[in-house]
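Got your viewer open? Let's take a walk through this model, one selection at a time.

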Amino acid sequence: MAVSNVQTKIALFLKPARIDQRWSPLQVFHIIKSNRGIEYAQEPMTEESVDKHFRQQPKEWRELLIRLGDPALALLVQEITRTHAKQKAGTSLHAYIERSFVRQLQQLLQQALPLARELPIYHRSVNPKTGNHLTEPCVLSPNQPKLSFKVGRNEEGSLGLETFVQLDGETTPLEAFILHTLFLQRGKEYYLLSYLDHQTLRWLEANNPDDYAKDPVAFSEHVVSKLQTDYPVEVSGLLNKQEVKVPPVNAVYLSEISGNFLMLTPRYNYDGFWVEGPWQMIQEFNRNGETYVVYRDKEAEQGFHDFLQGLHPTFGRQLNGYFYLPFSEAKKKHWFLKVYHQLLADNVELIGMEMLQQFRYSPYPVQTELRISKTVDSIMHLHMKVGFGKEEVQLNELQKLLLAGQRSLLLKDHSIAILDDKWMAQYSAILKHGKISKNEVVIPQWILLGIDLEENEASTRPAISQEWWNRWTKWQEEDHTVISLPATIKATLRPYQQKGFEWMCLLAEIDAGACLADDMGLGKTLQTICFLAYLNEREANGKYMIVCPASLIHNWRKELEKFAPHLKASVYHSTQRNMEQFFKEDAQVLITSYGTMRSDIEQLQLVQWAAVVLDESHTIKNPSAQITRAVYQLKAKARVALSGTPVMNNTFDLYAQLQFLVPGLFGGQEFFRKVYAHPIDREHDEEKIRALQKMTAPFILRRTKKQVATDLPPKTESVLWCEMGVEQKALYEEVKGQIRDSLFLNIKNDGLGKSKLSILQGMQKLRQICAAPQLLGEAGYQQSPAVKIEVLLDELQHNLRNNKVLVFSQFKGMLQMIGDACKRSGIKFYHFDGDTPPAKRSEMVAQFQEEGNEVMVFLISLKAGNTGLTLTAADYVFLVDPWWNTAVQQQAIDRAYRIGQTKNVFAYQMICKDSIEEKIIELQQRKRMLSDALVTEDDSFVKELSEEDLRYLFE
């Protein structure tokens, strides 16, 4: 049959994939309509085809289409090849052609975008319903996309990079588009990328950000910093990028030019970050993996620059940003000497003086006179004079130089005096930490413990008796006992515990506080109880307060009853809050939580406490927090802080705790940040580290398990008491009442023997609530608090960050919830239960045992992992919901405590106070035969329980 009514339409066909073969993405497209239907044909875009089919288009457009044709682009590749040969470029020919070809093609396509409004364009797509290919019209948009990026974290805590496309005021994830080399496709629309965006996406393909997902420093350096050159990157604080927005501290850096000129360069100290030179809005610094963005204050910097410019007539003509004078001019009429003192008076830091070579040095050694003028309580008032030859130095100026990290100063004869190492070791801390008024320095007497005053120069030692110094020296010797343990203590202390007890007593005698920072399990609680008993021997009517997390209140009461039963303890918490009752009962130790202490501080601050103990003292690491401010209001003669991790995040964590223990010794917050925290955390300044260690060593005592291993038994088993919160406890009581009523009705009707299943189910339900209410699987309990998870996470985060830990639970759901909590806290862990294939278990065990493996926590099902495993890398074991068969518990503990274990093992049963868990422990002690029966859940289980026992368990 003859073909008739043939109509041909000319268009462009877009095929971006051809770019990768170095051909044109555009071809001439024929749409042929006839009585047989629609047919399509394509032909290359050559000079002939353009002249034939697009003669109606303007000449410049026809020329552009020809340049976009295959023949023209083939010639372009040849030209690029010749250029590469001439340049002898270090880049490979393939890479060079790739870059140059795509760059020039992108420029041609950018010019051709207006054609998209004049000529129809088609492409080939896939029918989502049938999977068949479709040829249909498409749109080449004139709008150019822009890229932006965002850094995020996944559930495992790994870093990741998200790429976004900004189009028409909207921001869309890159995943919503299909990337075709130079084009982004969304549906029927194509968007031409800029060459920079194309290169960036190629670079990200070649340098996968996921390779740095677990290393924030490398992620920042190799990914974010490179992208930020050209793109906005939202990091949301995930890369430790901190903003510094503070007024600058002005400084002058002194140096010499050619040995004849003195140069003064203005510098600006922004909270420890030094900047100089022309002003710019921000400057970034990288310090030990953290990025700091410093916002410079243009007005303040300009003001100081103008001030310096006005100091000498010739400075107004010097426009280089620094100022200089001949030495002779600097000394004329004591100009520099006057400027030196003026700058110090204006709190301008002077740096670099010790580097000057031509300014001569003073021949006189430093001379120091120091004596006590008076002592008020624990505060010393010192009379101090410092001089060189006949010239006495002003103490306030000397303090400013020391705080600026300088040890040189200018004398009236224009010579430079130097403070030597010996003087710095003996006196610099006194001047830096003290309050100065003319020749008087006011400082807490405790500073004497952290400086190197020699015996023949120790004119300040009378502030603390010589007898005390003798005992302090003797205490530091291993085999001496300087203070006897109170006879009322029901315990025998190990040698290191005796030392800790004596140390607290000695510091208390000079009104200094003590931070006991021993590893978890070394007996911080026992040492503190011995200290309280010691104080009680000397002041029988003294009152003592223990402030701790709510979960540890019961533990403190139990330990006091066990080791010091003569010290009557009273819990001041929740509804048990009656100060009148505390005094009426003549109780001596008040135990409360941080939250309750903060709420009732108006009452508690009225009492003059003989001692206040802060357990888990890192709770007050933030000096601005309400809890910390409340603690500072407590009146106490003796002060003790207990924490396995007094420094959790950075050095500044120490400040609030030290301010409680030795108030005033470390000055104000800004002083501590500037002198210690920032240089140590940001710069790892070794000198500052040593100085702070020396100052704090007398007041912080830390022993690790490794240090005192010879004094420890091979395995220590303890109960870690957990106190349910109001919501969890209310649920427990409600369910217990329902079970009790139903259970005893069953026993009445069917007898004890036939009620076995009901008893087991009731006990199981109460144990699930103790572990976590979510285990009930009932609606309404999914967000209920679970004290055991809170206590466990607190230990893992704060006390056991550097220890390998095994966590056992019989409930798979409990392990899952603990795992989720670990993820949220950034704690790496392994996890297996009965569903984990044996091969996978073996793999995880092997990895956990490997030396250097950074995964510190292993979550294990009690039934699946109580036998057959060797996990001697661990030295801590937690039984979250203890199995009542003690043999099964021991088998779980012995995963860590077995042949090959070189460390001491600490095992903790987590038991909820006032719950069925506590009562079963007591029943085990009363009726030994229950030890094995209570968990086997066989026929013998109920036979060993009387109705009286059941009433006790469910009362």
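Here's a tour of some strands first, then some helices. Keep in mind as you click around that this is a predicted model.

**Stop 1: a four-stranded sheet**

Strands of a sheet pair through backbone hydrogen bonds, either parallel or antiparallel. Select strands 8, 7, 6 and 12, and you'll have an open sheet in that order, 8-7-6-12, with mixed pairing. Which strands sit at the edges? They are strand 8 (170-173) and strand 12 (233-234), and each of them pairs on one side only.

Now zoom in on strand 6 (residues 146-153) and strand 7 (residues 159-167): eight bridges link them, in the antiparallel sense. Click on G152 and look across to strand 7, where G160 stands opposite.

**Stop 2: two hairpins in a row**

Next, select residues 178-180, which are strand 9, and residues 183-186, which are strand 10; they pair antiparallel over three bridges. Pick L179 and you'll find its bridge partner, L184, in strand 10. The two strands form a hairpin with two residues between them, and T181 in the turn has a positive phi of about 55 degrees.

Stay on strand 10 and add strand 11 (residues 189-192): these two run antiparallel, joined by four bridges. R186 stands opposite E189 of strand 11. Strand 10 and strand 11 also form a hairpin with two residues between them, and here G187 in the turn has a positive phi of about 65 degrees.

**Stop 3: helix 5 and its neighbours**

Highlight helix 5 (residues 195-206). What does helix 5 lie across? Strand 6 and strand 7, running at about 30 degrees to strand 6.

Add helix 4 (residues 93-112), which packs with helix 5 at an angle of about 145 degrees, the axes being 10 Å apart. The crossing of helix 4 and helix 5 is right-handed. To see the contact, show the side chains of E98, R99, V102, R103 and Q106 on helix 4, and Y195, H198, Q199 and R202 on helix 5. Sorted by type, these contact residues are two nonpolar, three polar and four charged.

**Stop 4: helices 13 and 14**

Last, select helix 13 (residues 495-509) and helix 14 (residues 524-538), which pack at about 45 degrees with their axes 9 Å apart. That angle is why helix 13 counts as oblique to helix 14. The crossing of helix 13 and helix 14 is right-handed. Residues making the contact include F501 and M504 of helix 13 and F531 and Y534 of helix 14. The contact of helix 13 with helix 14 has nine nonpolar residues, four polar and one charged.

Conventions. Residues are numbered from 1 along each chain as its sequence is written. This is a predicted model: local features need pLDDT of at least 70, side-chain atom pairs count only at pLDDT 80 or more; totals for chains, interfaces and linings use all residues. Side-chain values use heavy atoms; hydrogens and water are left out. Two strands pair if DSSP finds at least two bridges between them. Contact means heavy atoms within 4.5 Å. Axes are lines fitted to C-alpha atoms, for helices over the stretch in contact, and angles run from 0 to 180 degrees between N-to-C directions. Angles under 35 degrees count as roughly parallel, over 145 as roughly antiparallel, 65 to 115 as roughly perpendicular and the rest as oblique. A crossing is left-handed if the near helix is turned anticlockwise from the far one by less than a right angle, and right-handed if clockwise. Ala, Val, Leu, Ile, Met, Phe, Trp, Tyr, Cys and Pro count as nonpolar, Asp, Glu, Lys and Arg as charged, and the others, Gly among them, as polar.
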